[in-house]
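Biologist: I should like to understand the terms used to describe this structure. May we go through them one at a time, with the reasoning behind each?

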Amino acid sequence: MIIFVFMNLHLQSMKKAIIIPLFLTVIAMTAAGQRADWEGGFPDGCTSVTAGRKATADGSVITSHTDDSHRTRSWMDIWPPMEHPRGSTTTMYKRVPDDSLVMPAYSHIPIGEIPQVRRTYGFVNTAYPCMNRHQLGIGESTFGGREELQSDSGLIDCQRLCRLMLERCTTAREAIRLAGDLTARYGWNDAGECLTIADKKEVWHLEIVGPGKGKVGSVWVAQRVPDDHVSVNANASRIMEIDPENPDEFMVSDNVYSVAEENGWWNRGEPFRFSYVYAPESRTSLAARRREWRVFDLLAPSLGLDPNAGDYPFSVRPDTLVTLQALTTVFADYYEGTPFDMTKDLTVCNEEGKCVISPLANPHMPYDMNKLLRINGGWGWRGERTIARWYTMYATIIQSRDWLPDEIGGVVWMAMDNVATSIYIPIYCSVTDLPESYKTPGRPNGYTTQSAWWAFNRLGTLTAQRWGDMRHDVRAVWDPWQEELYTGQEAFEQNALELHRKGKKKEAEQMLTGYTMEWGTRVVDRAWELGDFLWTKYDELF
(Lines give C-alpha, C1' and ligand atoms only; values in the text may rest on other atoms or scores of the structure.)
Protein backbone atom coordinates (compact mmCIF):
# COMPACT_ATOMS: atom_id res chain seq x y z
CA MET A 1 0.00 0.00 0.00
CA ILE A 2 1.37 3.43 -0.98
CA ILE A 3 0.21 6.77 0.36
CA PHE A 4 0.90 10.28 -0.90
CA VAL A 5 2.22 12.72 1.64
CA PHE A 6 2.73 16.44 0.96
CA MET A 7 5.13 18.07 3.39
CA ASN A 8 3.32 20.91 5.10
CA LEU A 9 5.90 23.59 4.40
CA HIS A 10 5.04 27.20 3.77
CA LEU A 11 7.11 29.06 1.20
CA GLN A 12 7.25 32.20 3.29
CA SER A 13 8.63 30.45 6.36
CA MET A 14 10.91 28.34 4.16
CA LYS A 15 12.48 31.44 2.56
CA LYS A 16 11.93 30.19 -0.99
CA ALA A 17 12.72 26.56 -0.26
CA ILE A 18 11.44 24.30 -3.01
CA ILE A 19 9.02 21.59 -1.92
CA ILE A 20 8.91 18.14 -3.47
CA PRO A 21 6.11 15.58 -2.96
CA LEU A 22 7.13 12.69 -0.74
CA PHE A 23 6.03 9.09 -1.36
CA LEU A 24 6.39 6.67 1.51
CA THR A 25 4.98 3.33 2.47
CA VAL A 26 2.64 3.19 5.43
CA ILE A 27 5.10 0.97 7.29
CA ALA A 28 7.98 3.37 6.80
CA MET A 29 5.91 6.23 8.18
CA THR A 30 5.16 4.51 11.48
CA ALA A 31 6.97 5.63 14.59
CA ALA A 32 8.58 2.20 14.92
CA GLY A 33 9.87 2.39 11.37
CA GLN A 34 11.38 5.78 11.95
CA ARG A 35 13.37 4.37 14.87
CA ALA A 36 14.86 1.34 13.22
CA ASP A 37 18.20 1.81 14.96
CA TRP A 38 16.67 2.03 18.45
CA GLU A 39 16.57 -0.81 20.95
CA GLY A 40 14.43 -1.10 24.03
CA GLY A 41 13.05 2.42 23.52
CA PHE A 42 16.49 4.05 23.30
CA PRO A 43 18.76 4.94 20.40
CA ASP A 44 21.33 2.14 20.11
CA GLY A 45 23.83 3.52 17.62
CA CYS A 46 27.04 5.50 17.72
CA THR A 47 29.67 6.56 20.22
CA SER A 48 31.82 9.68 19.81
CA VAL A 49 34.92 10.57 21.84
CA THR A 50 36.53 14.00 21.56
CA ALA A 51 39.84 15.49 22.73
CA GLY A 52 41.22 19.01 22.81
CA ARG A 53 44.66 19.83 21.44
CA LYS A 54 46.30 19.96 24.88
CA ALA A 55 44.83 16.59 25.81
CA THR A 56 46.50 14.69 22.96
CA ALA A 57 50.08 13.49 22.74
CA ASP A 58 50.84 15.26 19.46
CA GLY A 59 48.58 18.31 19.77
CA SER A 60 45.86 17.01 17.45
CA VAL A 61 42.27 18.06 17.94
CA ILE A 62 40.23 14.87 17.74
CA THR A 63 36.66 13.82 17.14
CA SER A 64 35.42 10.34 16.30
CA HIS A 65 32.40 8.20 15.50
CA THR A 66 31.23 4.62 15.46
CA ASP A 67 28.37 4.26 12.99
CA ASP A 68 26.59 1.51 14.89
CA SER A 69 23.89 0.63 12.41
CA HIS A 70 23.79 -2.09 9.81
CA ARG A 71 21.05 -0.18 8.01
CA THR A 72 23.23 2.75 7.04
CA ARG A 73 25.28 2.51 3.88
CA SER A 74 28.61 0.75 3.96
CA TRP A 75 30.13 2.41 0.93
CA MET A 76 31.93 5.76 0.90
CA ASP A 77 33.54 8.03 -1.64
CA ILE A 78 35.25 11.39 -2.08
CA TRP A 79 33.32 14.49 -3.10
CA PRO A 80 35.58 17.07 -4.75
CA PRO A 81 35.29 20.85 -4.38
CA MET A 82 32.61 22.16 -6.72
CA GLU A 83 31.39 25.39 -8.26
CA HIS A 84 27.66 25.91 -8.76
CA PRO A 85 25.77 28.30 -11.06
CA ARG A 86 23.88 31.18 -9.49
CA GLY A 87 20.41 30.16 -8.43
CA SER A 88 21.36 26.52 -7.90
CA THR A 89 19.65 24.44 -5.25
CA THR A 90 20.64 21.35 -3.31
CA THR A 91 18.19 18.56 -2.53
CA MET A 92 17.23 17.57 0.99
CA TYR A 93 16.13 14.03 1.77
CA LYS A 94 14.13 12.13 4.36
CA ARG A 95 15.84 8.96 5.55
CA VAL A 96 13.33 6.11 5.97
CA PRO A 97 13.80 2.39 6.69
CA ASP A 98 13.68 0.28 3.54
CA ASP A 99 13.04 -3.45 3.92
CA SER A 100 12.35 -4.05 0.23
CA LEU A 101 15.98 -4.87 -0.59
CA VAL A 102 17.95 -8.06 0.04
CA MET A 103 19.04 -6.70 3.44
CA PRO A 104 17.57 -4.00 5.73
CA ALA A 105 18.70 -0.56 4.58
CA TYR A 106 17.58 3.05 4.37
CA SER A 107 16.05 4.89 1.46
CA HIS A 108 16.60 8.60 1.04
CA ILE A 109 13.46 10.24 -0.32
CA PRO A 110 13.73 13.78 -1.75
CA ILE A 111 11.50 16.17 0.21
CA GLY A 112 12.67 19.61 -0.87
CA GLU A 113 15.50 21.87 -1.95
CA ILE A 114 17.37 24.77 -0.42
CA PRO A 115 19.59 27.36 -2.14
CA GLN A 116 23.09 26.16 -2.96
CA VAL A 117 26.19 28.28 -2.39
CA ARG A 118 28.50 29.15 -5.29
CA ARG A 119 31.45 27.07 -4.06
CA THR A 120 31.45 23.95 -1.91
CA TYR A 121 34.43 22.28 -0.27
CA GLY A 122 35.47 18.71 -0.96
CA PHE A 123 34.90 16.12 1.75
CA VAL A 124 35.06 12.45 2.71
CA ASN A 125 31.53 11.23 2.01
CA THR A 126 30.73 8.52 4.54
CA ALA A 127 27.15 7.74 5.62
CA TYR A 128 27.56 10.68 7.98
CA PRO A 129 29.99 12.90 6.02
CA CYS A 130 33.01 13.18 8.28
CA MET A 131 35.77 15.58 7.15
CA ASN A 132 36.43 18.27 4.56
CA ARG A 133 39.63 19.50 2.92
CA HIS A 134 39.99 22.30 5.49
CA GLN A 135 40.34 19.87 8.41
CA LEU A 136 36.81 20.34 9.68
CA GLY A 137 35.78 16.97 11.16
CA ILE A 138 32.45 15.70 12.48
CA GLY A 139 31.37 12.78 14.68
CA GLU A 140 27.79 11.88 15.60
CA SER A 141 25.60 10.19 18.20
CA THR A 142 21.79 10.13 18.43
CA PHE A 143 20.22 10.85 21.83
CA GLY A 144 16.56 11.06 20.84
CA GLY A 145 15.01 13.73 23.05
CA ARG A 146 11.35 14.31 23.78
CA GLU A 147 9.25 12.63 21.11
CA GLU A 148 6.90 15.60 20.88
CA LEU A 149 9.79 17.79 19.70
CA GLN A 150 10.39 15.90 16.46
CA SER A 151 8.78 17.62 13.49
CA ASP A 152 8.23 16.32 9.98
CA SER A 153 7.71 19.87 8.74
CA GLY A 154 11.40 20.60 8.32
CA LEU A 155 13.82 19.79 5.52
CA ILE A 156 17.14 19.05 7.22
CA ASP A 157 18.17 15.83 8.95
CA CYS A 158 21.45 14.84 10.57
CA GLN A 159 23.19 13.36 7.56
CA ARG A 160 22.28 16.32 5.37
CA LEU A 161 23.41 18.79 8.05
CA CYS A 162 26.81 17.09 8.25
CA ARG A 163 27.18 17.48 4.50
CA LEU A 164 26.09 21.11 4.49
CA MET A 165 28.54 22.02 7.25
CA LEU A 166 31.44 20.31 5.51
CA GLU A 167 30.57 21.83 2.14
CA ARG A 168 30.35 25.37 3.49
CA CYS A 169 32.48 25.79 6.63
CA THR A 170 36.12 25.71 7.74
CA THR A 171 35.79 26.04 11.55
CA ALA A 172 33.65 24.44 14.24
CA ARG A 173 32.11 27.73 15.31
CA GLU A 174 31.23 28.59 11.74
CA ALA A 175 29.63 25.16 11.33
CA ILE A 176 27.56 25.58 14.49
CA ARG A 177 26.33 29.01 13.39
CA LEU A 178 25.44 27.60 9.97
CA ALA A 179 23.55 24.72 11.58
CA GLY A 180 21.57 27.19 13.66
CA ASP A 181 20.79 29.44 10.71
CA LEU A 182 19.79 26.69 8.30
CA THR A 183 17.64 24.72 10.73
CA ALA A 184 15.93 27.90 11.93
CA ARG A 185 15.07 28.75 8.34
CA TYR A 186 14.33 25.35 6.81
CA GLY A 187 13.62 23.21 9.85
CA TRP A 188 15.19 20.22 11.65
CA ASN A 189 13.23 17.02 10.97
CA ASP A 190 15.33 14.50 12.89
CA ALA A 191 15.46 13.14 16.43
CA GLY A 192 17.80 14.71 18.98
CA GLU A 193 21.39 14.49 17.78
CA CYS A 194 24.84 15.31 19.08
CA LEU A 195 27.40 16.37 16.48
CA THR A 196 30.98 16.51 17.73
CA ILE A 197 32.68 19.12 15.55
CA ALA A 198 36.44 19.62 15.44
CA ASP A 199 38.72 22.02 13.62
CA LYS A 200 42.43 22.76 13.88
CA LYS A 201 42.04 24.65 17.17
CA GLU A 202 39.10 23.28 19.14
CA VAL A 203 36.28 20.76 19.37
CA TRP A 204 32.62 21.36 20.27
CA HIS A 205 29.57 19.24 21.02
CA LEU A 206 26.41 20.49 19.29
CA GLU A 207 23.15 19.05 20.65
CA ILE A 208 20.09 19.77 18.56
CA VAL A 209 16.40 18.84 18.78
CA GLY A 210 13.28 19.75 16.85
CA PRO A 211 10.97 22.70 17.61
CA GLY A 212 7.80 20.63 18.14
CA LYS A 213 5.41 18.72 15.91
CA GLY A 214 4.15 20.70 12.94
CA LYS A 215 6.69 23.47 13.47
CA VAL A 216 9.70 24.61 11.48
CA GLY A 217 12.95 25.39 13.29
CA SER A 218 15.23 23.83 15.90
CA VAL A 219 16.43 24.14 19.49
CA TRP A 220 20.12 23.67 20.15
CA VAL A 221 23.08 24.26 22.42
CA ALA A 222 26.80 23.78 21.84
CA GLN A 223 29.56 23.43 24.43
CA ARG A 224 33.30 23.57 23.81
CA VAL A 225 35.52 20.81 25.15
CA PRO A 226 38.36 22.49 27.13
CA ASP A 227 41.67 22.19 25.31
CA ASP A 228 43.13 19.86 27.97
CA HIS A 229 40.03 17.66 28.32
CA VAL A 230 38.35 14.69 26.68
CA SER A 231 34.61 14.18 26.33
CA VAL A 232 32.15 11.59 25.04
CA ASN A 233 28.64 11.23 23.70
CA ALA A 234 27.08 7.77 23.75
CA ASN A 235 23.39 8.15 22.83
CA ALA A 236 22.43 10.46 25.70
CA SER A 237 22.28 14.23 25.93
CA ARG A 238 25.35 15.42 27.88
CA ILE A 239 25.08 19.22 28.06
CA MET A 240 23.72 20.33 31.42
CA GLU A 241 24.05 23.93 32.65
CA ILE A 242 24.66 26.53 29.97
CA ASP A 243 25.95 30.11 30.03
CA PRO A 244 24.94 32.05 26.91
CA GLU A 245 26.91 35.04 28.24
CA ASN A 246 30.14 33.05 27.79
CA PRO A 247 30.49 32.65 24.01
CA ASP A 248 33.94 31.10 24.35
CA GLU A 249 32.36 28.06 26.01
CA PHE A 250 28.74 28.03 24.85
CA MET A 251 26.60 28.81 21.83
CA VAL A 252 22.80 28.50 22.02
CA SER A 253 19.70 29.05 19.93
CA ASP A 254 17.59 32.11 20.70
CA ASN A 255 14.63 29.91 21.69
CA VAL A 256 16.42 27.53 24.04
CA TYR A 257 14.59 28.91 27.09
CA SER A 258 11.29 29.95 25.50
CA VAL A 259 10.43 26.55 23.99
CA ALA A 260 11.08 24.88 27.34
CA GLU A 261 8.92 27.43 29.14
CA GLU A 262 6.07 27.27 26.63
CA ASN A 263 5.87 23.49 26.99
CA GLY A 264 5.98 23.55 30.79
CA TRP A 265 9.32 21.72 30.99
CA TRP A 266 11.03 24.54 32.88
CA ASN A 267 10.05 27.61 34.86
CA ARG A 268 12.10 30.77 35.08
CA GLY A 269 14.00 30.97 38.31
CA GLU A 270 14.66 27.21 38.33
CA PRO A 271 18.02 25.68 37.41
CA PHE A 272 18.19 25.02 33.67
CA ARG A 273 19.94 21.86 32.47
CA PHE A 274 19.51 21.27 28.75
CA SER A 275 19.67 17.48 28.89
CA TYR A 276 17.02 17.20 31.59
CA VAL A 277 14.77 19.77 29.93
CA TYR A 278 14.89 18.44 26.37
CA ALA A 279 16.03 14.81 26.64
CA PRO A 280 15.39 13.60 30.21
CA GLU A 281 14.75 9.99 29.20
CA SER A 282 18.19 9.76 27.62
CA ARG A 283 19.79 10.22 31.04
CA THR A 284 17.92 7.13 32.29
CA SER A 285 19.68 4.88 29.77
CA LEU A 286 22.32 2.73 31.43
CA ALA A 287 23.30 1.60 27.94
CA ALA A 288 24.50 5.18 27.38
CA ARG A 289 25.80 5.99 30.86
CA ARG A 290 27.89 2.82 31.09
CA ARG A 291 29.77 3.84 27.94
CA GLU A 292 30.28 7.35 29.29
CA TRP A 293 31.78 5.87 32.42
CA ARG A 294 33.97 3.42 30.51
CA VAL A 295 35.48 6.06 28.23
CA PHE A 296 36.35 8.27 31.18
CA ASP A 297 37.56 5.32 33.25
CA LEU A 298 39.91 4.18 30.48
CA LEU A 299 41.32 7.66 29.85
CA ALA A 300 41.19 9.04 33.41
CA PRO A 301 41.11 6.05 35.79
CA SER A 302 42.41 8.15 38.69
CA LEU A 303 38.99 9.78 38.96
CA GLY A 304 37.49 6.52 40.20
CA LEU A 305 34.10 7.32 38.69
CA ASP A 306 31.10 5.25 39.74
CA PRO A 307 29.96 2.96 36.88
CA ASN A 308 26.38 3.25 38.10
CA ALA A 309 26.24 7.04 38.44
CA GLY A 310 23.44 9.02 36.87
CA ASP A 311 25.59 11.83 35.48
CA TYR A 312 29.27 12.40 34.75
CA PRO A 313 31.19 15.61 34.07
CA PHE A 314 30.79 16.95 30.56
CA SER A 315 34.53 16.50 30.10
CA VAL A 316 37.55 15.39 32.13
CA ARG A 317 41.31 15.83 32.04
CA PRO A 318 42.94 12.52 30.97
CA ASP A 319 45.56 10.99 33.26
CA THR A 320 48.03 10.85 30.37
CA LEU A 321 48.03 12.55 26.99
CA VAL A 322 45.77 10.70 24.58
CA THR A 323 47.29 8.81 21.66
CA LEU A 324 45.79 7.12 18.62
CA GLN A 325 46.69 3.81 20.26
CA ALA A 326 44.72 4.74 23.38
CA LEU A 327 41.63 5.69 21.38
CA THR A 328 41.87 2.49 19.38
CA THR A 329 41.80 0.59 22.66
CA VAL A 330 38.77 2.58 23.81
CA PHE A 331 36.78 1.83 20.68
CA ALA A 332 37.66 -1.88 20.76
CA ASP A 333 36.51 -2.18 24.38
CA TYR A 334 33.75 -4.50 25.60
CA TYR A 335 34.30 -4.24 29.39
CA GLU A 336 36.70 -7.16 29.57
CA GLY A 337 38.06 -7.53 33.10
CA THR A 338 35.20 -5.56 34.65
CA PRO A 339 32.03 -6.77 36.40
CA PHE A 340 30.17 -5.84 33.20
CA ASP A 341 31.95 -8.32 30.93
CA MET A 342 29.12 -10.43 29.48
CA THR A 343 31.40 -13.46 29.09
CA LYS A 344 32.50 -13.67 32.72
CA ASP A 345 29.89 -16.27 33.73
CA LEU A 346 30.08 -18.40 30.57
CA THR A 347 32.59 -20.80 32.08
CA VAL A 348 33.80 -24.38 31.63
CA CYS A 349 36.35 -26.63 33.32
CA ASN A 350 39.56 -26.90 31.34
CA GLU A 351 41.87 -29.91 31.15
CA GLU A 352 43.57 -28.88 34.40
CA GLY A 353 40.23 -28.76 36.14
CA LYS A 354 40.20 -24.98 36.42
CA CYS A 355 37.09 -22.94 35.84
CA VAL A 356 37.74 -20.66 32.84
CA ILE A 357 35.71 -18.58 30.42
CA SER A 358 34.69 -20.80 27.53
CA PRO A 359 36.46 -20.08 24.24
CA LEU A 360 32.97 -20.10 22.71
CA ALA A 361 31.84 -17.24 24.96
CA ASN A 362 31.86 -13.91 23.16
CA PRO A 363 30.89 -10.31 23.95
CA HIS A 364 29.35 -9.72 20.51
CA MET A 365 26.29 -11.92 20.80
CA PRO A 366 23.11 -11.00 18.93
CA TYR A 367 20.26 -10.30 21.30
CA ASP A 368 18.59 -13.68 20.62
CA MET A 369 21.70 -15.44 21.93
CA ASN A 370 21.55 -13.37 25.12
CA LYS A 371 18.16 -14.94 25.79
CA LEU A 372 19.45 -18.42 25.06
CA LEU A 373 22.37 -18.04 27.49
CA ARG A 374 20.34 -16.07 30.05
CA ILE A 375 22.62 -13.07 29.85
CA ASN A 376 21.63 -10.24 32.16
CA GLY A 377 23.20 -6.88 32.78
CA GLY A 378 22.68 -3.17 33.01
CA TRP A 379 20.40 -3.38 30.00
CA GLY A 380 18.42 -6.33 31.31
CA TRP A 381 18.34 -9.35 28.99
CA ARG A 382 20.21 -7.29 26.41
CA GLY A 383 23.22 -7.47 28.69
CA GLU A 384 25.55 -4.50 28.44
CA ARG A 385 25.77 -1.98 25.64
CA THR A 386 29.51 -2.15 25.01
CA ILE A 387 31.60 0.34 23.00
CA ALA A 388 32.75 -2.21 20.40
CA ARG A 389 29.69 -3.52 18.60
CA TRP A 390 28.99 -6.30 16.11
CA TYR A 391 26.69 -4.04 14.09
CA THR A 392 29.12 -1.17 13.58
CA MET A 393 29.19 -0.21 9.91
CA TYR A 394 32.39 1.83 10.13
CA ALA A 395 34.33 3.79 12.75
CA THR A 396 36.44 6.94 12.52
CA ILE A 397 39.09 8.68 14.59
CA ILE A 398 39.58 12.12 13.06
CA GLN A 399 42.70 14.25 13.55
CA SER A 400 42.92 18.00 12.81
CA ARG A 401 46.43 19.49 13.15
CA ASP A 402 47.21 23.18 12.80
CA TRP A 403 50.98 22.81 12.30
CA LEU A 404 50.51 21.01 8.98
CA PRO A 405 48.98 22.16 5.69
CA ASP A 406 45.33 21.23 5.44
CA GLU A 407 46.02 18.60 2.79
CA ILE A 408 48.23 16.66 5.22
CA GLY A 409 46.97 17.77 8.62
CA GLY A 410 43.46 16.39 8.30
CA VAL A 411 43.18 12.62 8.44
CA VAL A 412 40.29 10.22 8.98
CA TRP A 413 41.41 6.94 10.53
CA MET A 414 38.82 4.51 9.18
CA ALA A 415 37.93 1.02 10.42
CA MET A 416 35.23 -1.13 8.84
CA ASP A 417 32.71 -3.12 10.90
CA ASN A 418 33.43 -4.17 14.52
CA VAL A 419 36.48 -2.26 15.77
CA ALA A 420 37.46 -5.20 17.98
CA THR A 421 38.26 -7.26 14.87
CA SER A 422 39.24 -4.45 12.52
CA ILE A 423 42.10 -2.04 11.77
CA TYR A 424 42.17 1.72 11.16
CA ILE A 425 43.67 2.99 7.91
CA PRO A 426 44.42 6.68 7.15
CA ILE A 427 42.23 8.59 4.69
CA TYR A 428 43.74 12.06 4.31
CA CYS A 429 41.25 14.85 3.79
CA SER A 430 42.80 15.75 0.41
CA VAL A 431 42.72 12.30 -1.18
CA THR A 432 41.00 12.16 -4.53
CA ASP A 433 39.90 8.55 -4.53
CA LEU A 434 39.36 5.41 -2.44
CA PRO A 435 39.84 1.72 -3.26
CA GLU A 436 36.97 0.32 -5.31
CA SER A 437 35.96 -2.04 -2.48
CA TYR A 438 35.25 0.93 -0.18
CA LYS A 439 33.00 2.48 -2.82
CA THR A 440 31.05 -0.75 -3.40
CA PRO A 441 27.64 -0.99 -1.63
CA GLY A 442 27.52 -3.94 0.74
CA ARG A 443 23.84 -4.36 1.62
CA PRO A 444 21.36 -3.66 -1.20
CA ASN A 445 22.32 -6.85 -3.08
CA GLY A 446 23.59 -8.90 -0.17
CA TYR A 447 26.90 -10.65 0.34
CA THR A 448 29.63 -9.74 -2.12
CA THR A 449 33.38 -10.20 -2.12
CA GLN A 450 33.68 -6.85 -3.89
CA SER A 451 32.83 -4.89 -0.72
CA ALA A 452 35.37 -3.85 1.94
CA TRP A 453 32.65 -3.89 4.57
CA TRP A 454 31.77 -7.50 3.84
CA ALA A 455 35.41 -8.54 4.21
CA PHE A 456 35.45 -7.21 7.76
CA ASN A 457 31.86 -8.14 8.59
CA ARG A 458 32.55 -11.76 7.65
CA LEU A 459 35.78 -11.72 9.65
CA GLY A 460 34.16 -10.18 12.73
CA THR A 461 31.16 -12.50 12.64
CA LEU A 462 33.35 -15.55 12.25
CA THR A 463 35.76 -14.49 15.01
CA ALA A 464 32.88 -14.12 17.45
CA GLN A 465 31.97 -17.80 17.07
CA ARG A 466 35.06 -18.87 19.00
CA TRP A 467 36.09 -15.54 20.46
CA GLY A 468 38.42 -16.88 23.13
CA ASP A 469 40.78 -18.31 20.50
CA MET A 470 40.10 -16.66 17.16
CA ARG A 471 40.50 -13.08 18.37
CA HIS A 472 44.16 -13.78 19.16
CA ASP A 473 44.76 -14.93 15.59
CA VAL A 474 43.13 -11.77 14.28
CA ARG A 475 44.95 -9.37 16.59
CA ALA A 476 48.28 -11.11 15.81
CA VAL A 477 47.85 -9.77 12.27
CA TRP A 478 46.22 -6.41 12.84
CA ASP A 479 48.15 -5.15 15.87
CA PRO A 480 51.60 -5.03 14.20
CA TRP A 481 50.10 -3.38 11.12
CA GLN A 482 48.23 -0.86 13.24
CA GLU A 483 51.40 0.00 15.13
CA GLU A 484 53.27 0.31 11.83
CA LEU A 485 50.67 2.79 10.59
CA TYR A 486 50.68 4.87 13.74
CA THR A 487 54.43 4.94 14.32
CA GLY A 488 55.16 5.51 10.65
CA GLN A 489 52.71 8.37 10.28
CA GLU A 490 55.19 11.17 10.99
CA ALA A 491 57.85 9.92 8.60
CA PHE A 492 55.39 9.39 5.78
CA GLU A 493 53.85 12.81 6.28
CA GLN A 494 57.27 14.43 6.30
CA ASN A 495 57.81 13.18 2.75
CA ALA A 496 54.45 14.60 1.69
CA LEU A 497 55.28 17.85 3.47
CA GLU A 498 58.52 18.23 1.53
CA LEU A 499 56.61 17.98 -1.75
CA HIS A 500 54.10 20.52 -0.48
CA ARG A 501 56.82 22.97 0.52
CA LYS A 502 58.31 22.75 -2.95
CA GLY A 503 54.97 23.83 -4.38
CA LYS A 504 54.19 20.36 -5.65
CA LYS A 505 50.75 20.21 -4.05
CA LYS A 506 49.26 17.95 -6.69
CA GLU A 507 52.12 15.47 -6.30
CA ALA A 508 51.66 15.57 -2.53
CA GLU A 509 47.94 14.81 -2.91
CA GLN A 510 48.76 11.95 -5.28
CA MET A 511 51.19 10.58 -2.69
CA LEU A 512 48.57 10.78 0.07
CA THR A 513 45.93 9.20 -2.17
CA GLY A 514 48.31 6.40 -3.12
CA TYR A 515 49.04 5.68 0.54
CA THR A 516 45.34 5.42 1.35
CA MET A 517 44.72 3.25 -1.71
CA GLU A 518 47.65 0.97 -0.85
CA TRP A 519 46.64 0.39 2.76
CA GLY A 520 42.94 0.14 1.99
CA THR A 521 43.55 -2.59 -0.56
CA ARG A 522 46.08 -4.33 1.67
CA VAL A 523 43.83 -4.65 4.73
CA VAL A 524 40.80 -5.75 2.74
CA ASP A 525 42.77 -8.49 0.99
CA ARG A 526 44.18 -9.61 4.35
CA ALA A 527 40.72 -9.63 5.95
CA TRP A 528 39.51 -12.09 3.32
CA GLU A 529 42.60 -14.24 3.85
CA LEU A 530 42.14 -14.17 7.63
CA GLY A 531 38.57 -15.34 7.32
CA ASP A 532 39.63 -18.27 5.15
CA PHE A 533 42.39 -19.09 7.64
CA LEU A 534 39.93 -19.20 10.57
CA TRP A 535 37.51 -21.44 8.65
CA THR A 536 40.33 -23.90 8.12
CA LYS A 537 42.08 -23.76 11.50
CA TYR A 538 38.93 -24.08 13.59
CA ASP A 539 36.94 -26.51 11.48
CA GLU A 540 34.54 -28.47 13.74
CA LEU A 541 35.44 -26.28 16.76
CA PHE A 542 32.60 -23.77 16.39
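Biologist: With which residue does lysine 201 form a salt bridge, and how far apart are the closest N and O atoms?

Modeller: The model is a predicted one. In it, lysine 201 forms a salt bridge with aspartate 402, and the closest N and O atoms are 2.9 Å apart. The cut-off is 4 Å between a side-chain nitrogen of Lys or Arg and a carboxyl oxygen of Asp or Glu, so the pair qualifies.

Biologist: Why is this pair said to tie together parts of the chain?

Modeller: Lysine 201 lies in the loop between β16 and β17, and aspartate 402 in the loop between β24 (394-400) and α11; the two parts are therefore tied together although they are 201 residues apart in sequence.

Biologist: What makes lysine 201 count as partly exposed?

Modeller: Its relative accessibility is 48%. Partly exposed covers values between 20% and 50%, so the term applies to lysine 201. Aspartate 402, with a relative accessible area of 36%, is also partly exposed.

Biologist: Which residue meets lysine 200 in a salt bridge?

Modeller: The side chain of lysine 200 meets that of aspartate 406, at 3.0 Å from N to O. This pair links distant parts of the chain, 206 residues apart: aspartate 406 belongs to helix α11 (residues 406-409), and lysine 200 to the loop between β16 and β17. Aspartate 406 has a relative accessible area of 17%, which is under 20%, so it is called buried. Lysine 200, at 27%, counts as partly exposed.

Biologist: How many salt bridges does a search of the whole structure find?

Modeller: The search finds 35. Some residues are linked in a network of salt bridges: Arg53, Arg173, Glu202, Arg224, Asp227, Asp248 and Glu249. Within this network, the side chains of aspartate 227 and arginine 224 meet at 3.1 Å, N to O, and both residues are buried.

Biologist: How do you know that glutamate 202 is buried?

Modeller: Glutamate 202 has a relative accessible area of 11%, and buried means under 20%, so the term holds. The residue lies in the loop between β16 (192-198) and β17 (203-209).

Biologist: What makes the approach of glutamate 202 to arginine 173 a polar contact?

Modeller: Their side chains are joined at 2.6 Å, and the cut-off for such a pair of N or O atoms is 3.5 Å. The side chain of glutamate 202 also makes a polar contact with that of tryptophan 204, at 3.1 Å. Leaving aside residues up to four places away in sequence, glutamate 202 touches Val61, Arg173, Ile197 and Arg224.

Biologist: Why is serine 430 called buried?

Modeller: Its relative accessibility is 1%, which is under 20%, so serine 430 counts as buried. It is found in the loop between β26 (425-428) and α12 (452-465). A polar atom of its side chain lies 2.9 Å from the backbone oxygen of glutamate 407. Beyond four places away in sequence, the residues touched by serine 430 are Arg133, Glu407, Glu509, Leu512 and Thr513.

Biologist: Why is helix α8 described as largely enclosed by the rest of the structure?

Modeller: Of the 14 residues of α8, 13 are buried, so the description follows. The helix comprises residues 286-299 and reaches 20 Å from its first C-alpha to its last, close to the 20 Å expected.

Biologist: Which residues form a nonpolar patch on the surface?

Modeller: Leu360, Trp535, Leu541 and Phe542 form it, with about 390 Å² of accessible area together. Leucine 360 has a relative accessible area of 44%, and a patch residue needs over 30%, so leucine 360 meets that requirement.

Notes
Residues numbered from 1 in each chain as written. Predicted model: local features only at pLDDT ≥ 70, side-chain atom pairs only at ≥ 80, totals over all residues. Heavy atoms only, no water. Helix = DSSP H or I, 4+ residues; strand = E, 2+ residues; numbered from the N terminus. Expected span 1.5 Å × (residues − 1). Buried < 20%, exposed > 50% of the residue type's maximum accessible area, 1.4 Å probe, protein only. Patch = residues over 30% accessible without salt bridge, like charges linked within 9 Å, V, L, I, M, F, W, Y side chains within 5 Å. Areas by Shrake-Rupley, 256 points an atom, 1.4 Å probe, with all protein chains shown as cover. Polar contact = N/O pair within 3.5 Å; in protein donor to acceptor, adjacent residues only side chain to side chain. Contact = heavy atoms within 4.5 Å.
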